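Trainee: I would like a close look at the aromatic rings here. Please start with how they are linked, and then show me what lies around them.

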Amino acid sequence: MRTPVIALLLCALGVHASAQSMAGRRAGVVVPSRQKAVADSTAAHPKGLFPFAIPPRVLPYSPIASAIVPGAGQAMLGDNRAIAYLAVEALGWVQYLEDRRDQSARERAFKDIAARVARAHFSSNPPDAPWAYYEQMRDYLESGVFSKSTTGVVPETDVTTYNGFEWDIIRHAQPDSVAALAMYEQIAVRPEYQWSWKNAGLQWDIFKRTTGLRNDAFRRGQHMLSIILANHVISMIDAFTTFRLRAAPTRDGGAAVGVNLKW
C-alpha cells in the first residue's frame, strides 16, 4: 500500500515543480505595463475548492492550514493539488492504523504463548511486563532463579540463564560485593516473572517469530508516520510558495511573475 501513497505524493510534487519551472523559464522582469495584471492575479483570489468564498485576509494563513491538514491551504488557494495531499494524508493514516492493529495483535499472541508455556510453571496468573522483558525471553532459554537461597539474595550462577549471565557481568565489573548485589537486585528477573522454555522448543520458535513480526509492524508504523510528517511539511511549503509567488500571462504570450510580500 506504500507504493501508491508515495507515488501519489511524488506525482503531486512533480506537477508543482514542472509548473514552476515553466513559469520561471518564461518569466521576466515585471514592467509597468504588466504590473497591473500581476497585481490583479495576486489580489483576486478564487474562492478555492470550497462552496463559499474565502476572505482575502484569511489567505495568508493558508500555509498554516496546510501544516495542520495537508491540502487545506491549497484548497483555500483554489489549487487542485489539495486532492493529492489529502489523499496521501488519508491513505497514510489508514496504513498506520493497520500497522498498529497488526502490532497489537502480535503482542497479544506472543504474550499468550509466554503465559501458557514459559511462565505457566511459575505462576498461574503471571503479570504483564514491558517489551524489554519479552526481548529477554526471546534471547534466553531460561531466566534462572532470582535467589538460590530463601534466607537472603544469593544470585544465580548459571551463565546460560538471563540472571546468571547478568550476575557474571556485574561481579566482574563491580568489585564491591555489596554494590554488585544491589545492582543485581535491580535488573534480575524476580520470581513472579521467571520463565523457562525447556522442553518447549517449538513454542519458543513460534514466540520468536511472533516477536519478529511485531517488530516489523512497529517499524512499518514508524516509517508511515515519517511519510505523514513529510506530507505536512511539503504541503505547508507548497502553500507558502503558491501564495507568495504568482504568475500572470502577458499579451505577448509570456508570463510575469509577481511576489506577494504583504502579510
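Mentor: Happy to! Ring pairs join twelve side chains into a cluster: Phe110, Trp131, Tyr133, Tyr134, Tyr140, Tyr162, Phe165, Tyr193, Trp195, Trp197, Trp204 and Phe207. This is a predicted model, in which local features need pLDDT of at least 70 and side-chain atom pairs count only at pLDDT 80 or more, while totals for chains, interfaces and linings use all residues. Residues are numbered from 1 along each chain as its sequence is written, and side-chain values use heavy atoms, with hydrogens and water left out.

What makes a pair? A pair of aromatic rings is described by the distance of the centres and the angle of the planes. Rings of Phe, Tyr and Trp (the six-membered ring of Trp) pair if their centres lie within 6.5 Å; planes under 30 degrees apart count as stacked, over 60 as edge-to-face and the rest as tilted. By this rule there are 14 aromatic pairs.

Take Phe110 as your way in. With Trp131, the ring centres are 5.5 Å apart and the planes stand at 55°, so this pair is tilted. Phe110 belongs to helix α5 and Trp131 to helix α6 (residues 131-139), so the pair ties together parts that are 21 residues apart in sequence. Helices (H or I, at least four residues) and strands (E, at least two) are DSSP runs, numbered from the N terminus. The two partners differ in accessibility: Phe110 counts as buried at 1% relative accessibility, whereas Trp131, at 21%, counts as partly exposed. Here buried means under 20% relative accessible area and exposed over 50%, with partly exposed in between (1.4 Å probe, protein chains only).

Phe110 also pairs with Phe207, this time edge-to-face, at 5.8 Å centre to centre and 80° between the planes. That pair links distant parts of the chain, with Phe110 in helix α5 and Phe207 in helix α9, 97 residues apart. Both Phe110 and Phe207 are buried.

Two charged side chains also sit on rings. A charge is placed over a ring if NZ of Lys or CZ of Arg is within 6 Å of the ring centre and within 35 degrees of the ring normal. Lys208 lies over the face of Trp204, 3.7 Å from the ring centre, and Trp204 is itself one of the rings in the cluster. Arg214 lies over the face of Phe218, at 5.3 Å from the ring centre.

Now step back to the helices that carry these rings. The axes of α5 (residues 81-118) and α9 (residues 201-244) come within 8 Å and cross at roughly 160°. Axes are lines fitted to C-alpha atoms, for helices over the stretch in contact, and angles run from 0 to 180 degrees between N-to-C directions. The angle makes α5 roughly antiparallel to α9; the classes are under 35 degrees for roughly parallel, over 145 for roughly antiparallel, 65 to 115 for roughly perpendicular and oblique for the rest. The crossing of α5 and α9 is left-handed, meaning that the near helix is turned anticlockwise from the far one by less than a right angle; clockwise would be right-handed. Residues of the contact between α5 and α9 divide into 18 nonpolar, 11 polar and nine charged. Ala, Val, Leu, Ile, Met, Phe, Trp, Tyr, Cys and Pro count as nonpolar, Asp, Glu, Lys and Arg as charged, and the others, Gly among them, as polar.

Helix α6, home of Trp131, packs against α9 at about 140°, with the axes 10 Å apart. That makes α6 oblique to α9, and this crossing is left-handed as well. Another packing to look at is α7 (residues 162-173) on α8, at an angle of about 150° with axes 10 Å apart. Those two helices are therefore roughly antiparallel to each other, and α7 passes α8 in a right-handed crossing.

One last stop is Asn199, in the loop between α8 (177-187) and α9. Its phi is near 65°, a positive value in a residue other than glycine, and Asn199 is exposed, with a relative accessible area of 82%.

For the wider setting, the chain comes to nine helices and three strands, and buried residues make up 37% of its 263 residues.
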